[in-house]
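Colleague: I'd like to learn how to read a model like this one. Could you walk me through it, feature by feature?

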Amino acid sequence: MRVPDPGLSPTLLVVAFGMLASLGWGLADFGGGLASRRAPVVAVLLASQSASLLLAIPLVLVAGEPNAQPTDLARAALGGITGAAGLGTLYHALSVGRMGVVAPVAAVVTAGMPVAFGFATQGIPSALAIAGIALATVAVVLVSRSTGPDEGRPSGFWQAVFAGATFGLFPIITDGISDDLLVTPVAVVRIASVATIGAFVLARRPTWRVPRRLLPALFAIGVVDMLATAAYLSALAIGPLAIAAILSSLYPVVTVVLAALVLRERIAAIQAVGIAAAGLAVVLIAGA
């Protein structure tokens with residue numbers, strides 16, 4: 001990418017951008033979860049995704065990037081559509097199914113698909129990196145485990161598989177976007193996401209209005225989510241898909257830690273093990 005050379009190896013840059021993506025998505029999920037306690041989920045999604053366009057579109061106009069090719073625009077748009085479909089399916093599965101099944105199943109499918117695709121198309125990384133990837137996958141599953149009551153609910157297994165598959169497709173689809181582009185694909189991803197959520201609102205007519213007092217917070221959530229997407233696309237442009245994908249999938253760790261710090265939610269022992277495993281995984285991948 002056309003950025004100043006920081007003197008770091010490509011692997012370390014991928015680690016840095018992957019962790020930034022994970023941090024941003026974890027923050028956005030935490031903020032979106034809090035907002036969803038005060039407004040309908042679809043309203044939170046639509047408002048936060050739409051609000052961030054107020055920043056994305058002006059950035060496209062001043063970024064001075066090369067003209068995007070039709071294939072780049074198509075990949076970004078398809079990524080936005082799959083991302084929106086995954087979010088909707090995941091939130092629905094979490095609301096009607098058993099969180100202890102939905103969260104880890106969706107997480108492992110999300111992490112596993114791009115890693116397998118990266119292995120098949122870009123080759124197998126070093127043994128140390130493979131150990132880090134395996135440990136990160138375990139960390140995602142452990143941290144995503146829910147310890148709350150879930151008796152009397154359907155498992156939500158297949159919905160979780162579908163949600164995880166749509167999230168897992170995002171890096172596979174967007175990996176082919178030109179390395180010279182960043183702002184334009186991010187904006188197109190967001191436009192496609194807003195259009196998909198808007199089409200759902202028009203088709204199903206759910207409650208979609210949010211209190212005015214939440215709008216600043218939703219704007220911030222949308223911007224953070226958009227910046228996380230930009231960091232992720234940067235990671236894909238620099239280094240191996242498998243490493244970028246598995247590091248960005250650690251966002252549940254951020255959400256769980258924020259819930260403990262801000263909401264004083266108890267971190268279960270299994271989640272604590274997962275957090276420790278995530279830290280060790282990052283060290284192993286960086287050391288590779």
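**A serine in a loop**

Modeller: Let's start with one polar pair: a polar atom of the Ser-249 side chain sits 2.6 Å from the backbone oxygen of Ile-246. Keep in mind that this is a predicted model.

Colleague: Where along the chain is Ser-249 placed?

Modeller: Ser-249 is in a loop, the one between α10 (241-248) and α11 (251-262).

Colleague: How do I read burial, and is Ser-249 buried or exposed?

Modeller: The general idea is a cut-off on relative accessible area: under 20% is called buried, over 50% exposed, and anything in between partly exposed. Ser-249 has a relative accessible area of 5%, so this residue counts as buried.

Colleague: Which residues touch Ser-249, apart from its neighbours within four places in sequence?

Modeller: With those neighbours set aside, Ser-249 is in contact with Ala-111 and Val-140.

Colleague: Let's try another residue. Where is Ala-136, and is this residue buried or exposed?

Modeller: Ala-136 belongs to helix α6 (residues 127-144). Its relative accessible area is 0%, so Ala-136 is buried. Once neighbours within four places in sequence are left out, Ala-136 is in contact with Ile-246, Leu-250 and Ala-281. Ile-246 should ring a bell: its backbone oxygen is the partner of the Ser-249 side chain.

Colleague: And what about Thr-166?

Modeller: Thr-166 is part of helix α7. At 7% relative accessibility, Thr-166 is buried. Its contacts, again ignoring neighbours within four places in sequence, are Thr-82, Ala-85 and Gly-86.

**Distance along the chain and in space**

Colleague: How should I read a sequence separation next to a distance in space?

Modeller: Put the two values side by side for each pair. Pro-66 and Asp-180 are 114 residues apart in sequence, with their C-alpha atoms 7.1 Å apart in space. Asp-180 and Ser-50 are 130 residues apart in sequence, and there the C-alpha to C-alpha distance is 25 Å. For Ala-136 and Gly-164, 28 residues apart along the chain, the C-alpha atoms are separated by 16 Å.

Colleague: Where do Pro-66 and Asp-180 sit?

Modeller: In loops. Pro-66 lies between α3 (53-63) and α4 (70-96), while Asp-180 is found between α7 (157-174) and α8 (183-204). Pro-66 has a relative accessible area of 35%, so this residue is partly exposed. Asp-180, at 39%, is also partly exposed.

**Helices against helices**

Colleague: Now the helix pairs. What do I look at first?

Modeller: Look at the angle and the axis distance, then the residues in between. α2 (residues 41-51) and α8 pack at about 150°, with their axes 9 Å apart. Angles over 145 degrees count as roughly antiparallel, so that is what α2 is to α8. The crossing of α2 past α8 is left-handed.

Colleague: Which residues make that contact?

Modeller: From α2 come Val-42, Leu-45, Leu-46, Gln-49 and Ser-50, and from α8 come Arg-190, Ser-193, Val-194, Ile-197, Gly-198, Phe-200 and Val-201. By class, that is seven nonpolar, four polar and one charged.

Colleague: How many residues of α2 are buried?

Modeller: Nine of its eleven, so α2 is mostly covered. Among the buried ones are Val-42, Leu-45, Leu-46 and Gln-49, which you just met in the contact with α8.

Colleague: How do α11 and α12 compare with that description?

Modeller: α11 and helix α12 (residues 269-287) pack at about 130°, and their axes are 10 Å apart. That angle makes α11 oblique to α12. α11 passes α12 in a left-handed crossing. On the α11 side the contact uses Val-253, Val-256 and Val-257, and on the α12 side Gln-271, Ile-275 and Ala-278. Sorted by class, this contact has five nonpolar residues, one polar and no charged ones.

Colleague: One more pair, please: what is the angle between α1 and α9?

Modeller: Helix α1 (residues 10-35) and helix α9 (residues 215-238) pack at about 160°, with axes 8 Å apart. Because of that angle, α1 is roughly antiparallel to α9. α1 passes α9 in a left-handed crossing. The residues of their contact divide into 18 nonpolar, six polar and one charged.

Technical notes. Residues are numbered from 1 along each chain as its sequence is written. This is a predicted model: local features need pLDDT of at least 70, side-chain atom pairs count only at pLDDT 80 or more; totals for chains, interfaces and linings use all residues. Side-chain values use heavy atoms; hydrogens and water are left out. Helices (H or I, at least four residues) and strands (E, at least two) are DSSP runs, numbered from the N terminus. Buried means under 20% relative accessible area, exposed over 50%, partly exposed in between (1.4 Å probe, protein chains only). A polar contact is a pair of N or O atoms within 3.5 Å; within protein, one must be able to donate a hydrogen and the other to accept it, and residues adjacent in sequence count only if both atoms are side-chain atoms. Contact means heavy atoms within 4.5 Å. Axes are lines fitted to C-alpha atoms, for helices over the stretch in contact, and angles run from 0 to 180 degrees between N-to-C directions. Angles under 35 degrees count as roughly parallel, over 145 as roughly antiparallel, 65 to 115 as roughly perpendicular and the rest as oblique. A crossing is left-handed if the near helix is turned anticlockwise from the far one by less than a right angle, and right-handed if clockwise. Ala, Val, Leu, Ile, Met, Phe, Trp, Tyr, Cys and Pro count as nonpolar, Asp, Glu, Lys and Arg as charged, and the others, Gly among them, as polar.
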